[in-house]
Amino acid sequence: MMASSYNAKDEDGHLPGSVGSGGPGAVKSKKPDNTAFKQQRLPAWQPILTAGTVLPAFFMIGLIFIPIGIGLLVTSNNIKEFEIDYTGVDMSSPCFSCSQNYSWNSTSACTCSVPFTLDQPFESNVFMYYGLSNFYQNHRRYVKSRDDSQLNGDKSSLLNPSKECEPYRTSDKKSIAPCGAIANSLFNDTLELFYNHPNGSKITIHLEKTGIAWWTDKHVKFRNPGGNNNNLSSVFRDTSKPVNWHKPVYELDPSDPDNNGFVNEDFIVWMRTAALPTFRKLYRIIQKKKDNMTPTLPPGNYSLEVTYNYPVRSFDGRKRMILSTISWMGGKNPFLGIAYITVGSVCFFLGVVLLIIHHKYGNRNNSADIPN
Amino acid sequence: TKLNFSSALEEERHVRANDRDYNERFSYADNRIKTAKYNVFTFLPINLFEQFQRFANAYFLVLLILQLIPEISSLSWFTTIVPLVLVLAITAVKDATDDYFRHKSDQQVNTRQSQVLIKGKLQNEKWMNVRVGDIIKLENNQFVAADLLLLSSSEPYGLCYIETAELDGETNLKVRQALTVTSDLGDDVAKLADFSGEVICEPPNNKLDKFTGTLCWKDNKYSLDNEKMLLRGCVLRNTEWCFGLVIFAGLQTKLMQNCGRTKFKRTSIDKLMNTLVLWIFGFLICMGIILAIGNTIWEQKVGSDFWEYLQWKELTINAVFSGFLTFWSYIIILNTVVPISLYVSVEVLRLGHSYFINWDRRMYYSRKDTPAEARTTTLNEELGQVEFIFSDKTGTLTQNIMVFNKCSINGKTYGDVYDEFGHKVDITEKTPCVDFSFNPLMDRKFRFHDSSLVEAIKLEEPLVQEFFRLLALCHTIMPEERNEGELVYQAQSPDEGALVTAARNFGFVFRSRTPETITLYEMGQAVTYQLLAILDFNNVRKRMSVIVRNPKGQLKLYSKGADTILFDRLDPSNEELMFTTSEHLNEFAGEGLRTLALAYKDLDEDVFDEWMKKLLFASTALDNREEKLGALYEEIEQGMLLLGATAIEDKLQEGVPETIACLTLANIKIWVLTGDKLETAMNIGYSCNMLRDDMNTVFIISGHTMLEVQQELSKDKFSSGLDMEKTELYSSDSVFEETIIAEYALIINGHSLAHALEADLEQILVDVACLCKTVICCRVTPLQKALVVELIKRHKRAVTLAIGDGANDVSMIKTAHIGVGISGQEGMQAVLASDYSFAQFRYLQRLLLVHGRWSYHRMCNFLCYFFYKNFAFTLVHFWYGFLCGFSAQTVYDQWFITLFNIVYTSLPVLAMGLFDQDVNEQYSLRFPNLYRPGQLNQLFNKRKFFTCTLQGVCTSFILFFIPYGAFMTAVRDDGAHISDQQTFAVTIATSLVIVVSVQIGLDTNYWTAVNHFFIWGSLAVYFAILFAMHSDGIFTIFPNQFPFIGTARNSLNQKIVWLVILLTTVVCIMPMVAVRFIKADLYPTQTDKVRLLQQATRKQGPQEQNLRRVRRTSSRRSAYAFAHQQGYGELITSGKNMKVPTSSTSTYPLSSPTRGLTGTSSASICKCFRHQKH
């Protein structure tokens, strides 16, 4: 008579007759289905953060990260990098006068020559970058000021660019090609590199200007209207050049039709806007020598000949030229190595601390004292 | 048919019978009830309007408009509209389904059939077509369709019997009597059709026990009161038919007026969420302002110099205006801190949790084929926070069945079953019952398991016979015998019914009574006793006696009553027996049975004659008649001989004491609110283990005036020193509270409650009540039930749950945070008003401790994670602002922003929110105090919110600045530059997706296949979509929408990118792991401990799960079973309520009575005549 304590089995038993099998008037029972899903009995893995799992994890991370960090740091340190600022802020700087005088409106080119010395040989391929500082390529209005259809060779966009390009959309009642602020501000300094041989001769170093853009950009994202024909000038006939440019887009590299117009690699590289206001972009590649005996850039004196077209003084910008070799992890990047070593050490240390805490204070067998 | 809402203005109601034209002038409400909100045409506009009233939806609409302004728009319009449309659609579909079911249930009630007198003919009409002023016919066991004025009935004097369980929960029958003028109409349809009386009465109100009005008919005025009304929700009983005039219909009926307004219930988490969303909104504006100021400064210092490369369209623009625009731009891109998908996800989770409740087989009651049902889908997590349960008694805690369970006769107990070794056997369904087939007049439903009692009867043991003879004689029951041998007892209280039924089955069949005689069939022999006096029950006497003369001419006094009272009046020679019986009584009481002692006495003829004279004299006395009678009764009820004791079980629903004990362990306070009598309520309190003898004090508050109540309440406080403890209490923690209040119980009746609920006293009431472990309110009206709930809601800010089964519980169910209806009973009102329904009280344990706890746990984890995720996701933009000239440039691809919340990260967290189980169900039930965190609001509160948003902020910081550091100088392994925006975006986005996936992995305690699928699937989908959106194909189709062509390929093939992602992930995750580990290791919560235990047991393999049995403490109480008021002795002896039978009922199967009594008189069918004074 006393109700027994809660017992699930009692309820599973059907009452006789409640589920009449075969009876004509048998009503379908409303009893819920006995599936693992509906009864919330799905088999499950129930992990708990215990000392047995957490502490080894910390040690493992420590033991993995520290070697990676050391590897990264060593690799990074082995990379040779040379950086020179040629903005011409100082009076003493060779480019000082150029930087003072130059603005977008000047017509005559200003050139300056910056001497520098490499103490160590640069082996293998050497990459030449230009770097800009305090240049907000990531400003929203700047970033969206482009028309990807136009750059992809779309004819209608060529003549009627997107409104996003304002105020660099039209000039002289003609649409601008390429339109927008990004294209308008294309980096147009020309950098040339000379090796001052100890014997006094000045050797031009050959700078490769193709192969600097991403393959997908060069071949998919950027296309000249009407394909890569030689007659770009007619294609761009009804367009106007960006206001800051000295020459129209089809004269960016007249010597190489595959590197002219929208598919000009300098242009493509520029159009891939930088994430941060200080950035470097690949400018040229110096192929390693075929004989393999001499380094690509032997130590010695060099001079950087700059055709100074790009004004940055107004916004306190800086221009740099960077020479660098690369490794499997890319360029010189001490941050990652240091970060890995730090994080690895911290994890290991934390592991030790946790182990001590656990041993001294932890409740290893705390299920016994569950009050009810 | 228009609904009339002018009832508030109605001052007086005029209803003319059979005159629809007249009545329609007043446009009273018709009998249709409508709880649905929409119809097909109004759905879309109303629903959309309602949805946009929600702050969040309106907010997103504003955002959408902002995004259409090109100067501001930092994101494409689709980033907002896609989620918004999705949200609106899902909500609309859910609302539509809800409303559909409301339509269906309305329809079901509205289309019930009733017989209406129209144009002189009885016609079947649907309930909804019944109008005020109609005359309708009701038949036995039918629900009353509207509030009716009783006109006539099949019974004499226009009497009719109703059961008002739906209204006030009392299951005993109540009598209503029609005016004589109208009862003369009988069932003559023509006369009734001609009836043209006009009723002038009060306007609709919710007072169930009051009605004032007058009937004007044929130039006469008759006053009407509640005794002439049949209210909607009542059921007609024992009356073949009756006619009534509809006074109030539909929504204006007292039942519906009592239902209270349907309030939209919101959970506390909902409210908290709204506050938090407002905070976040404030935070968002702050960020916007900071960044806007930054932008103004930047434009002045840097931007104006940068002019050369970046011109505004309008050259006149100034920095401040730019800052202003930037503010709005940032509001747009940072809007994801208030995630639109939050609301939808929460709804989806709750829906899922509701389905799990519906699907739970352990809340399915096979006997009635009723599964549990979550009728609202918005309250689930609140189930995990309940602190107060308000329970109805009848039908909820008890089955309202009294069963004769045990007895003690002459020092020997009967009722227990022993096995062959002499051990007591637990009685279950399968225990064989005693065969009563020797008795043709037995009640087939009666069950008894101890065959020794029948043997004793068969052996004709005189005391055993006397015992049952007493039970068959000493009562005020009216028998009814429609067909031969089909006896039905009309009992005033179910206890009496149970006792007489027991006597009937043991061969002492109470067959019939007249004012002067009682006829029994003793072991097949008709025996007629002369009834000389009924010494009736009252609250002071707590006993009743009858004096009869048996066929042998002996005078006997039979008495039954409370043990303490009877023991005082026993013959001294009985002492030893009294001692034994007393022990038995203790035993019975300990099992929660309602006990009663029985005694008898042989009377001396002379003494009796003497006494009878005095009695006659006293009964005609003008003053102090009651007292004089009482003294006389006392005089003769002395020196009695003890026969034994009975034990009646007020059958509790299955598992009630265990459930209550378990819920009490979970620190839930259970209050019983019942319309029942004090004694009954107390008895149940004892049998449910809510009241125990080891309690220090049981306060009983039963004052009649405000002053008395106040005194009683404060007296209680002082006498127990509660006051002192209370002050301590406020300064100490809650653990202390528990130890103190364990000792007290409060019982308060309806009268006192009415006073105590007034503004002056309610604070005291709350204080006292909350210090008591158990609170029982008896004799309370439905409205009072709601007021009590309301009181606690207001003063304690605790989550309340009301559970009940009848219409009298509706208001309470609607008022409480959560209303639970017991389904599977006859009436459905409680269920219809409830939020959850199931068939048995004991399922409450599972609903709260398992489903509620899980829901709460899941919802809290879900919210924590959700806020974390969105802060981590969005604040990256904030940090980026400092490096992009505060220009509102987004870090991510806008497609990523669109899809992050609704595709990449929604399913894993939903799976966690749906399936997670920190502790499995067995352990949830085994350790009820795992429920505690919910009540204390520990899993999600403002502090928790700060922690998880802080975690999100830190994560966003790490997510931004590690790639930032790494990409300052990074180049690809082919020398090309990689620090471009798109690579940066892909790197951070990928890190983010991985970090939040790992985090959800850490948050998931219960990895089902679904969780695996969703977590790994989300990652896979992320990469799939990433590569698809960065593919050549999609770019050639939409070059302007997908400018990220090739980025995924070119960046994710770089080792350095992966090294950055790995580093970011580890830095984001490991501190969290360390913190959690330390917390669990040094300060493990209850949950942590149980989880460890659970894991340990799982490793050991399945063990015997011994669920703790609730220990039942034995308790001794001065119990007497029938707690009814003044009995009907006087009525019976006067014969007022005896009806002269029709001849058809008077044939007898057995041999004719011995003492020449004719069949006609003994076969009189009596009706219990209930509407006494009081």
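**Exercise 1. Locate P178(A) and state the geometry of the peptide bond before it.**

Solution. Start with the place. In this predicted model, P178(A) sits in the loop of chain A that runs between β5 (174–176) and α7 (181–184). Next, take the bond. A177(A) and P178(A) are joined by a cis peptide bond. Its omega is about -10°. Set this against the general rule: most peptide bonds are trans.

**Exercise 2. Find the cis bond that ends at P167(A) and place that residue in chain A.**

Solution. Identify the partner. The bond runs from E166(A) to P167(A). Read the angle: omega is near -5°, and the bond is cis. Now place the proline. P167(A) belongs to the loop between α6 (155–159) and β4 (170–171) of chain A.

**Exercise 3. N141(B) has a phi near 65°. Where does N141(B) lie, and is N141(B) buried, partly exposed or exposed?**

Solution. First, the backbone. The phi of N141(B) is positive, and the residue is not a glycine. Recall that most residues other than glycine have a negative phi. Second, the location. N141(B) is in the loop of chain B between β4 (135–139) and β5 (147–153). Third, the exposure. The relative accessibility of N141(B) is 46%. Partly exposed covers values between 20% and 50%. Therefore N141(B) counts as partly exposed.

**Exercise 4. Treat A888(B) in the same steps: phi, place, burial.**

Solution. Phi of A888(B) is about 65°, positive in a residue that is not a glycine. The loop holding A888(B) connects α29 (843–881) and α30 (894–904) of chain B. The relative accessible area of A888(B) is 0%. Buried means under 20%. So A888(B) is buried.

**Exercise 5. Describe the interface between chain B and chain A: residues, area, polar links and make-up.**

Solution. Count residues. 130 residues of chain B contact 112 residues of chain A. Take the area. The two chains bury about 10900 Å² between them. Carbon and sulfur atoms account for 60% of that area.

Now the links. There are 2 salt bridges between chain B and chain A. One of them pairs the side chains of R272(A) and D980(B), at 2.7 Å from N to O. Polar contact joins 32 residue pairs across the two chains, both residues at pLDDT 80 or more.

Then the chain B side. Helix α39 (residues 1055–1082) gives the most to the side touching chain A, with 16 residues. By class, that side of chain B has 60 nonpolar, 36 polar and 34 charged residues.

Terms used: Residues are numbered from 1 along each chain as its sequence is written. Chains are lettered from A and ligands numbered from 1 in the order in which they are written. This is a predicted model: local features need pLDDT of at least 70, side-chain atom pairs count only at pLDDT 80 or more; totals for chains, interfaces and linings use all residues. Side-chain values use heavy atoms; hydrogens and water are left out. Helices (H or I, at least four residues) and strands (E, at least two) are DSSP runs, numbered from the N terminus. Buried means under 20% relative accessible area, exposed over 50%, partly exposed in between (1.4 Å probe, protein chains only). Contact means heavy atoms within 4.5 Å. Buried area is the accessible area (1.4 Å probe) that two parts lose on being put together, summed over both. A salt bridge is a side-chain nitrogen of Lys or Arg within 4 Å of a carboxyl oxygen of Asp or Glu. A polar contact is a pair of N or O atoms within 3.5 Å; within protein, one must be able to donate a hydrogen and the other to accept it, and residues adjacent in sequence count only if both atoms are side-chain atoms. Ala, Val, Leu, Ile, Met, Phe, Trp, Tyr, Cys and Pro count as nonpolar, Asp, Glu, Lys and Arg as charged, and the others, Gly among them, as polar.
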